[in-house]
Amino acid sequence: MKRVPLFKSACLLVLLLCTAMHVKTAFSADPVFAREEEPILPVPLKHDVSLRKAALGKRLFHETLLSGDNSLSCASCHDVTRSGAEASSSSTGIEGQKGVMNAPTVINSRFNFAQFWDGRATNLREQAKGPITNPIEMGATWKDVIAKLRRQPDYVRAFKEVYREGITENTIADAIQTYEYTLVSANSPFDQYLRGDDNAISEQEKHGYKLFKEYGCITCHQGVNVGGNMFQRIGAFLPYFNEENTAQPKDLGRYNVTKDTRDLYVFKVPGLRMVTHTAPYFHDGSVATLGEAIDIMARYQLGYTISKSDNQDIQAFLGSLSGPFPHEETP
């Protein structure tokens with residue numbers, strides 16, 4: 001099967017689109033590594049954060065006092081013990097309310113150039129604030145959250161140790177952000193391969209990576225997080241949405257933020273580091289399996305119908321991207 005001519009034209013199309021959508025690099029990896037010419041960068045092995053802030057943030061991440069009825073925490077939708085993502089298509093919020101978007105993993109989220117599917121938060125601190133006051137998520141107010149935490153002497157002491165201003169909206173969000181900075185899956189088999197270990201991944205995984213580049217997936221999925229550093233329209237090659245669902249707010253993407261028609265159906269490209277652990281897929285959690293997601297992306301983003309064997313090899317490669325991730329108990 002000859003892929004090169006269409007691949008080149010598809011890549012040119014997607015690269016032009018990506019350039020127009022402000023591609024950004026979220027993080028720089030190791031300054032020198034064996035295969036530094038590759039478009040994917042290894043996850044850095046060292047992450048400098050304040051351990052005291054991270055410990056406080058971890059506790060807050062699991063703290064149900066941050067919700068309106070003391071029933072939910074950040075970890076309710078982002079269970080770090082099972083890949084940091086939501087196992088269902090959408091999250092269940094306060095009083096059993098159902099959301100409409102799939103909760104992506106928080107592991108490696110520090111490498112994203114923006115947060116949320118529509119990129120409305122520019123960093124993890126902004127992102128941490130959103131769900132707390134969202135009426136169908138945690139349904140709280142900052143006034144009540146701060147009051148509840150200030151009634152806990154151990155929280156008052158812990159905040160005073162690391163923040164001069166004590167318990168505030170910004171210090172709560174900053175502590176959670178610092179904790180999330182520690183949630184990385186470093187030293188994956190593929191990262192070991194990038195650093196020079198030829199035997200770190202199998203021949204099938206190497207072939208899957210070759211296909212990943214040849215088909216053009218690499219155009220939008222590269223860098224440290226194998227994505228997460230640009231916006232892209234779903235349906236770059238063929239229209240993805242039909243007349244029945246284009247009016248649904250969840251499918252409008254960046255348009256909900258900018259109100260610019262050029263941003264219709266444009267979403268943050270998801271990082272693929274944890275992709276084999278984070279089904280279901282897409283912004284609405286509508287795709288149950290990774291194989292199906294690969295087929296859909298190949299068709300609508302790049303104009304290919306790929307074989308079952310190619311699909312399986314690409315899946316094998318994607319599996320090599322995940323390194324050890326935190327398996328921790330609730331504090």
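## A buried charged pair

Lys250 and Asp251 pair up in a salt bridge, with their closest N and O atoms 3.5 Å apart. Both partners, Lys250 and Asp251, are buried. Keep in mind as you look around that this is a predicted model.

Lys250 has another partner too: Asp284 forms a salt bridge with Lys250, and here the closest N and O atoms are 3.5 Å apart. This pair links distant parts of the chain, 34 residues apart. Asp284 sits in the loop between β2 (266-268) and α11 (290-302), while Lys250 sits in the loop between β1 (231-233) and α10 (255-258). Asp284 has a relative accessible area of 16%, so it counts as buried, the limit being under 20%.

## Salt bridges between helices

Why do charged side chains team up like this? Side chains of opposite charge can pair when their charged atoms come close. How many salt bridges does the structure hold? The count is 13.

One of them joins the side chains of Lys53 and Asp174, at 3.7 Å from N to O. Lys53 belongs to helix α2 (residues 51-61) and Asp174 to helix α7 (residues 169-181), so this pair ties together parts that are 121 residues apart in sequence. Are the two residues buried or exposed? Lys53 is partly exposed, with a relative accessible area of 24%, whereas Asp174 counts as buried at 12%. Arg125 joins in as well: Lys53, Arg125 and Asp174 are linked in a network of salt bridges.

## Where α4 meets α7

Now follow Arg125 to its helix, α4, which spans residues 124-133. The axes of α4 and α7 come within 8 Å and cross at roughly 115°. The crossing of α4 past α7 is right-handed.

Which residues make the contact? From α4 come Leu124, Arg125, Gln127, Ala128 and Lys129. On the α7 side they meet Glu169, Asn170, Ala173, Asp174, Ile176, Gln177, Glu180 and Tyr181. Sorted by character, the contact residues of α4 with α7 are five nonpolar, three polar and five charged. Two of the names here, Arg125 and Asp174, are already familiar from the salt-bridge network with Lys53.

## What about the cysteines?

How many disulfides are there? The count is zero, going by the rule that two cysteine sulfur atoms must lie within 2.5 Å. Take Cys74: the nearest cysteine sulfur belongs to Cys77 and is 9.0 Å away, and Cys74 is in no disulfide.

Cys74 is buried, with a relative accessible area of 12%. Cys220 is buried as well, at 9%.

Note on methods
Residues numbered from 1 in each chain as written. Predicted model: local features only at pLDDT ≥ 70, side-chain atom pairs only at ≥ 80, totals over all residues. Heavy atoms only, no water. Salt bridge = Lys/Arg side-chain N within 4 Å of Asp/Glu carboxyl O. Helix = DSSP H or I, 4+ residues; strand = E, 2+ residues; numbered from the N terminus. Buried < 20%, exposed > 50% of the residue type's maximum accessible area, 1.4 Å probe, protein only. Axes fitted to C-alpha atoms, helices over the stretch in contact; angles between N-to-C directions. Left-handed = near helix turned anticlockwise from the far one by under 90°. Contact = heavy atoms within 4.5 Å. Nonpolar A, V, L, I, M, F, W, Y, C, P; charged D, E, K, R; others polar.
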